[in-house]
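Open the structure in your viewer and keep the selection panel at hand. The stops below say what to select next and what is found there.

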Amino acid sequence: MTATDHLPQTLDLASLKKAAAGCQGCHLFEHATQTVFGEGPQTASAVFVGEQPGDHEDLEGRPFIGPAGKLLDEALNEAGLPRDEVYITNAIKHFKWELRGKRRLHKKPDSRELAACRPWLEAEFAAIKPEAIVCLGATAAQWLLGRQFRITQNRGEVIKSPWCDWTMATWHPAAILRAPEESARDRMRADFIADIAAVAKRLGY
Ligand code: URA
Ligand code: SF4
C-alpha cells in the first residue's frame, strides 16, 4: 500500500491529517508511536519543512516540540513570526530510530522512505499554496531542491521551486544544537535567526 492510496479527494488539512494517521506507505509506521502530521492553519503563508519527528514529537504527535523545536520557537519569536500563523511539517511523518542503550536515536531516512512519504508533503503544499517555503536542514533541502544543494554554501539563498517561487533552506535547529564548538554554534544560530527574519520580512511581518 502506498501513501497515495490513503490520499483523500479533498485537499483540506484536517482530512489529510486524518488520512495520514492510517498511512502504511512504508515500513516506518510499524515502529513509531503515531503519524506526526504538519501543524498550522491552512491560511499559513509560510511552510517550514524539517526531516522527521524526533522522540518527543513521536510521543506527543506534534512536530518540532522537543529541543530543536524550542530553538525554532526562539528564532520565530525573534523574527516576530507567530508560530501559530505558520505551518510546520516534516519530510517524513513517522519517527525512524534505532535503540542505543535505553535511548531511541534518530536514524536518517533513506530515499525510498522519503519517496513513499512525498505525496503527503505535496498535498500539504497544494492545500496551503504558501508564499514561502523554508527547508530546515540538508535532508529537506536536498530532497526538495536537488542533491547538488549544499546547505553550507547555499543556505539563505532564495530559489524558485516547483511549489513556491520563494523557497529557501537554512540550518536544521538540531544541527545547531549539535555543533561541537561554541563559536560554530553561535555563528549558525545567528545565520538561522537572520534567515527566519528574512522570511518574516518577505511575508510582511
Ligand atoms: N526534527 C525534525 O526534523 N522535525 C521535528 O519535528 C523534530 C525534530
Ligand atoms: Fe506513510 Fe510517511 Fe509514515 Fe511511511 S513515513 S508510513 S509513507 S506517513
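**Stop 1: ligand 1**

Select ligand 1 and show its surroundings: Gly50, Glu51, Gln52, Pro53, Gly54, Glu57, Pro63, Phe64, Asn90 and His172. Keep in mind throughout that this is a predicted model. Sorted by class, this shell consists of three nonpolar, five polar and two charged residues.

Next, display the backbone of three of these neighbours. At glutamate 51, a polar backbone atom lies 2.8 Å from an oxygen atom of ligand 1. At glutamine 52, a polar backbone atom is 2.9 Å from a nitrogen atom of the ligand. At phenylalanine 64, the distance from a polar backbone atom to an oxygen atom of ligand 1 is 2.9 Å. Taken on its own, ligand 1 has 240 Å² of accessible area, and the protein covers 92% of it. Turn on a surface for the protein atoms to see the site: ligand 1 sits in the largest pocket.

**Stop 2: phenylalanine 64**

Stay with phenylalanine 64 and look at its backbone. This residue belongs to the loop between α2 (55–60) and α3 (67–79). Its phi is positive, about 45 degrees, although phenylalanine 64 is not a glycine. Is phenylalanine 64 buried or exposed? Its relative accessibility is 6%, so phenylalanine 64 counts as buried.

**Stop 3: aspartate 55**

Now select aspartate 55, which is in helix α2. Aspartate 55 has a relative accessible area of 30% and is therefore partly exposed. To get a sense of scale, draw a distance from its C-alpha atom to that of glutamine 153: the separation is 30 Å, for two residues 98 apart along the chain.

**Stop 4: ligand 2**

Move to ligand 2 and show what surrounds it: Cys23, Gly25, Cys26, Phe29, Lys93, His94, Ala116, Cys117 and Trp120. By class, six residues of this shell are nonpolar, two are polar and one is charged. Where does ligand 2 sit? Ligand 2 is in the largest cavity.

**Stop 5: lysine 93**

From the shell of ligand 2, pick Lys93. Lysine 93 is placed in the loop between β2 (87–90) and β3 (97–100). With 2% relative accessibility, under the 20% limit, lysine 93 counts as buried.

Which side chains does the side chain of lysine 93 meet in polar contacts? One is threonine 89, with a side-chain contact of 3.0 Å. Another is glutamate 124, whose side chain makes a polar contact of 2.6 Å with that of lysine 93.

**Stop 6: helix α4 and the loop after it**

Colour residues 111–128, which form helix α4, and pick out glutamate 113 within it. Glutamate 113 has a relative accessible area of 3%, so it is buried. Draw a distance from its C-alpha atom to that of leucine 76: these atoms are separated by 29 Å, and the two residues are 37 apart along the chain.

Finish at lysine 129, in the loop between α4 and β5 (132–136). Lysine 129 is not a glycine, yet its phi is positive, at about 50 degrees. How accessible is lysine 129, and is it buried or exposed? The relative accessibility is 65%, so lysine 129 counts as exposed.

Note on methods. Residues are numbered from 1 along each chain as its sequence is written. Chains are lettered from A and ligands numbered from 1 in the order in which they are written. This is a predicted model: local features need pLDDT of at least 70, side-chain atom pairs count only at pLDDT 80 or more; totals for chains, interfaces and linings use all residues. Side-chain values use heavy atoms; hydrogens and water are left out. A residue is near a molecule or strand if one of its heavy atoms lies within 4 Å of it. A polar contact is a pair of N or O atoms within 3.5 Å; within protein, one must be able to donate a hydrogen and the other to accept it, and residues adjacent in sequence count only if both atoms are side-chain atoms. Accessible areas come from the Shrake-Rupley method with a 1.4 Å probe; for residues, only the protein chains shown count as cover. On a 1 Å grid over the protein atoms alone, a cavity is a set of points where a 1.4 Å probe fits but cannot get out, and a pocket is an open set with protein on both sides within 12 Å along at least five of seven lines; lining residues have an atom within 4 Å of a point. A molecule sits in a cavity or pocket if more than half of its atoms lie within 2 Å of its grid points. Ala, Val, Leu, Ile, Met, Phe, Trp, Tyr, Cys and Pro count as nonpolar, Asp, Glu, Lys and Arg as charged, and the others, Gly among them, as polar. Helices (H or I, at least four residues) and strands (E, at least two) are DSSP runs, numbered from the N terminus. Buried means under 20% relative accessible area, exposed over 50%, partly exposed in between (1.4 Å probe, protein chains only).
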